[in-house]
Structures are given as structure tokens and as C-alpha cells.
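User: Hey, can you walk me through this one? I'd like to poke around a bit and ask as we go.

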Amino acid sequence: MEPGPPGDSGPAEPGPCVSGLGDTDPAASASWLSRAGAETRRGWPTVAAVLPAGGSGERMGVPTPKQFCPILERPLISYTLQALERVPWIKDIVVSVTGENMGTMNDIIQRYQHKHISLVEAGVTRHRSIFNGLKALADQSNAKLSKPEVVIIHDAVRPFVEEDVLLKVVTAAKEHGAAGAIRPLVSTVISPSANGCLDCSLDRDRYRASEMPQAFLFDVIYGAYQQCSEYDLEYGTECLQLALKYGHTKARLVEGSADLWKVTYKRDLYAAESIIKERTSKQIYIVMDRKDREEHIGVLLEEMLKNEVNNVKFTSGALCHVGRDLQPILSKQCYNFVCVNVMTSDFQETQELLNILKESNLSMLYPVVVISQI
Ligand SMILES: Nc1ccn([C@@H]2O[C@H](COP(=O)(O)OP(=O)(O)OP(=O)(O)O)[C@@H](O)[C@H]2O)c(=O)n1
Ligand SMILES: O=C(CO)[C@H](O)[C@H](O)COP(=O)(O)O
């Protein structure tokens, strides 16, 4: 299947969405997208992703596995899926889920209209869950999936993965066989001795935290999982290490952004919520009821807001028609809405637009602002 145009595969879903515009300049983001498109044409590899989502989230300390915990009414895993689905060159996304959570996962896929997702049974450890995902991609009898040239492995509980880092790890994996995102260490790593005293401490500048996403030539990582020991599958935590030990492949390390961290503790849910709110607050949609843009208060507002927020979009025309035109946008993106009404003191059209927004079933983070110049 050929990847669609940029943004073609985003889900239509109620609940806020994360566009990834928080840290990235929209122009830069667009250039990554078009670059990806260009590379697709020039023999960009086939790419699939495996998302381990079979953990119980013990450290979170709540009964619901953390990947299903709601953030602003939407399950955490849905944000991660959305982030991957936005990338047009990722063909398939295989998610490992426990048998008891298959129903929950299917409901999420349906409710948030996720696309290109295949579910496989998780294993009792993360490595086993990943291995099951890889097996599904390698299984030639599975008509729905095909073996990709490069596979991305990404934790279901890291929702803020951007296309640029995915592109970097895939590019590096194609060249080096394996690649992974890293971050500087926040604290020094020490080794305690058996009696609880300091054995040694590591030089922080020489070490890095291994994060996700990681990417591999499929044959390298699948071969490594096929050869690795039961001990590795039971206690291992690092896919790059498997590629090194069994695939003799030295992974290329790529600097990742701070937002790649793994939601692990309860406080991480609050941090994720505030990142989503912050990103959404930087997306504003101005709707005005006049096509002639000269000296319109909406145009002035657009100019002013462009300096303040990352993503200001503008549309004009009879408000109710504009509302209908908004449907495709609403399905992929979440904005704050400012409706500017200058043509008539009759709020009927504005009300119609508000109804359309209401019926779209998006949970707005901020109230829709209506400005009337009359
Ligand atoms: N048997 C397992 C264990 C973990 N994971 C997944 O691996 C990712 C990273 O693991 P981690 O953060 O350790 O998740 P949990 O094992 O759920 O957390 P905890 O260690 O606190 O129980 C998560 O998406 C988790 O769902 C998995 O697919 N299968
Ligand atoms: O960051 C990672 C390095 O590949 C993994 O997400 C991490 O190792 C998972 O380990 P655990 O399940 O023990 O948290």
C-alpha cells in the first residue's frame, strides 16, 4: 500500500488530540512530512511499528493498566496510536495486548477510529510482547500484515512521539541496522554493593538514558529475538542490546526530545495532561462570517495571534457553511475556536456553528469565543 498524503491517516475521534506542534515549528514539521513523502518515492523502506501494551502498570499503583488510563477523558494509548497514525509512511501498527484487555483495546480502536492496527496477544514480559508483535509481522499466512524492511518499536505509554524522531531512527536503522532515541541522564547512576553501601558511581557525562522509539532492520531484530535466551526474554529491558548481542549490530543513537519519557508513575499522568493542554492551547481556529478580509477584526486578530501561538488557522464565509467545511478539520485536529461575527447581529448562524462544534463530540479544552462587532 502506498502511503497517503501527509496527515491522511489521522483518526476522527472525540476528545482532545495532540498535534505535536508544541515543540515544533509548523513549517519545520511540514518540511519533515514532505521530505518523508519524497523519500517514499525514492525507495524509502516499508515501515511497520510494534507497540508493546501488555503491561499491568504496577508502578502506577492503580487497578487500570496505565496504557488505558484516561487523560482528558481519552485513554493514554489512543494518543500514542494517534501520534503514529499521523505518520503516512508507517504502514502497519501491531499492538500487543493481554487477552483480558482485547475487548477494551477493540473498543478504543472503534471509538477513536484508529486505522492500520492489528492486535496480538501480549507475553508475560515486555520482550515477549514485542517478540509476539514481530512474529505477527513475519507470519506469511497473515494476509493483513506483511514483513516490513524496517520495524519501529515504541512503548504504548510514550504518547508524545513526533514524526521527526521517527524519521531519524528509521533513517539511521536503514543505514546501521538499529537505532534508538537517547536522553541525557537526569541523575547519576550508582551501583550499590550487597551490604547497601556505594560500590561505584558512573560518570554521568559518559552515559545516556535509552528511550523509545527504536528502529531496526526487521531481519536484525527478529533474528535477535529468535536466538536470544529465555533469560533475556524474562529479564531483558533493552532491544538495542539484543540487536548487539545476537545481531552483532551496533545501534546508532539519536538525541530525542524530553517529551519522549515513559509514563510510569501516577504523577506522569498529570504531566501528560498538562502537555496535552499546553499543545492544544497553541492551536487556534478563527472563523469569521465575511469573505472580504480587508480590515476585518478577524484578520487583525489572526495577525496578532500568529506572533503568540504556533498554529493559527483561518476560515471565512457564512458561518453555517464554514461549520460544515470544518468537519474534516475537526476530525483530525483540535483547536480553540474564535468565531468573529460582523455581518449580522442575528446570532442564529453563530449558534448553528456552535451546534456543529457541539455535535462533533469533541471535548473542548477551552470555551469557544464569539466576538460580535455589531
Ligand atoms: N508483559 C508486558 C510488560 C510490559 N509491556 C509494555 O511495555 C511498555 C513499557 O513497559 P513498562 O513501562 O515497564 O510497563 P508496565 O510493565 O506496565 O509497568 P510496571 O513495570 O510498572 O508494571 C508498556 O507499554 C507496557 O504495556 C508489555 O507489552 N508486556
Ligand atoms: O526505555 C526502554 C529501553 O529500551 C524501555 O522502555 C524500558 O527498558 C522498558 O523497561 P521496563 O519495562 O522495565 O520499564
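**Chatting through the model**

Analyst: Sure, let's start with one contact: a polar atom in the side chain of Tyr79 lies 2.7 Å from the backbone oxygen of Ile71. A polar contact here is a pair of N or O atoms within 3.5 Å; within protein, one must be able to donate a hydrogen and the other to accept it, and residues adjacent in sequence count only if both atoms are side-chain atoms. Before going on: this is a predicted model, where local features need pLDDT of at least 70, side-chain atom pairs count only at pLDDT 80 or more, and totals for chains, interfaces and linings use all residues. Residues are numbered from 1 along each chain as its sequence is written, chains are lettered from A and ligands numbered from 1 in the order in which they are written, and side-chain values use heavy atoms, with hydrogens and water left out.

User: Ok! Which helix is Tyr79 in?

Analyst: Tyr79 is in helix α2, residues 76-85. Helices (H or I, at least four residues) and strands (E, at least two) are DSSP runs, numbered from the N terminus.

User: And is Tyr79 buried or exposed?

Analyst: Tyr79 has a relative accessible area of 1%, so it counts as buried. The cut-offs are under 20% relative accessible area for buried and over 50% for exposed, with partly exposed in between (1.4 Å probe, protein chains only). Tyr79 is also 8.8 Å from Arg158, C-alpha to C-alpha, although the two are 79 residues apart in sequence.

User: Let's switch to the ligands. What surrounds ligand 2?

Analyst: Arg158 turns up again here: the residues around ligand 2 are Arg59, Arg126, Asp155, Arg158, Ser210, Met212, Gln214, Thr237, Glu238 and Lys262. A residue makes that list if one of its heavy atoms lies within 4 Å of the molecule. By class, that shell has one nonpolar, three polar and six charged residues. For the classes, Ala, Val, Leu, Ile, Met, Phe, Trp, Tyr, Cys and Pro count as nonpolar, Asp, Glu, Lys and Arg as charged, and the others, Gly among them, as polar.

User: Which strand gives the largest share of that shell?

Analyst: Strand β10, residues 208-217, with three residues.

User: How far are the ligand 2 oxygens from the side chains of Arg59 and Asp155?

Analyst: For Asp155, an N or O atom of the side chain is 2.6 Å from an oxygen atom of ligand 2. For Arg59, the side-chain distance is 3.0 Å, again to an oxygen atom of the ligand. Thr237 uses its backbone instead, with an N or O atom 2.8 Å from an oxygen of ligand 2. The protein covers 76% of the 370 Å² of accessible area that ligand 2 has on its own. Those areas come from the Shrake-Rupley method with a 1.4 Å probe; for residues, only the protein chains shown count as cover.

User: Cool. Now ligand 1: which residues come nearest?

Analyst: Out of 19 residues around ligand 1, the nearest are Gly54, Gly57, Glu58, Lys66 and Ser129. The classes split into five nonpolar, eight polar and six charged.

User: What about its polar contacts?

Analyst: Ser129 has a polar side-chain atom 2.7 Å from a nitrogen atom of ligand 1. A polar backbone atom of Thr125 is 3.3 Å from a nitrogen of the ligand, and a backbone N or O atom of Arg59 is 2.8 Å from an oxygen of ligand 1. Here the protein covers 88% of the 560 Å² of accessible area that ligand 1 has on its own.

User: Any odd backbone bits? What's the peptide bond from Met212 to Pro213 like?

Analyst: That bond is cis, with omega near 10°, and Pro213 lies in strand β10. Gln113 is worth a look too: its phi is near 50°, a positive value in a residue other than glycine. Gln113 is in the loop between α3 (102-111) and β5 (117-121).

User: Is His248 buried or exposed?

Analyst: His248 is exposed, with a relative accessible area of 67%. Its phi is also near 50°, positive in a residue other than glycine, and His248 sits in the loop between α8 (239-247) and β11 (252-255).

User: Last one: where's Thr350?

Analyst: Thr350 is in helix α12, residues 348-359, and counts as buried at 2% relative accessibility. Leu357 lies in helix α12 too.
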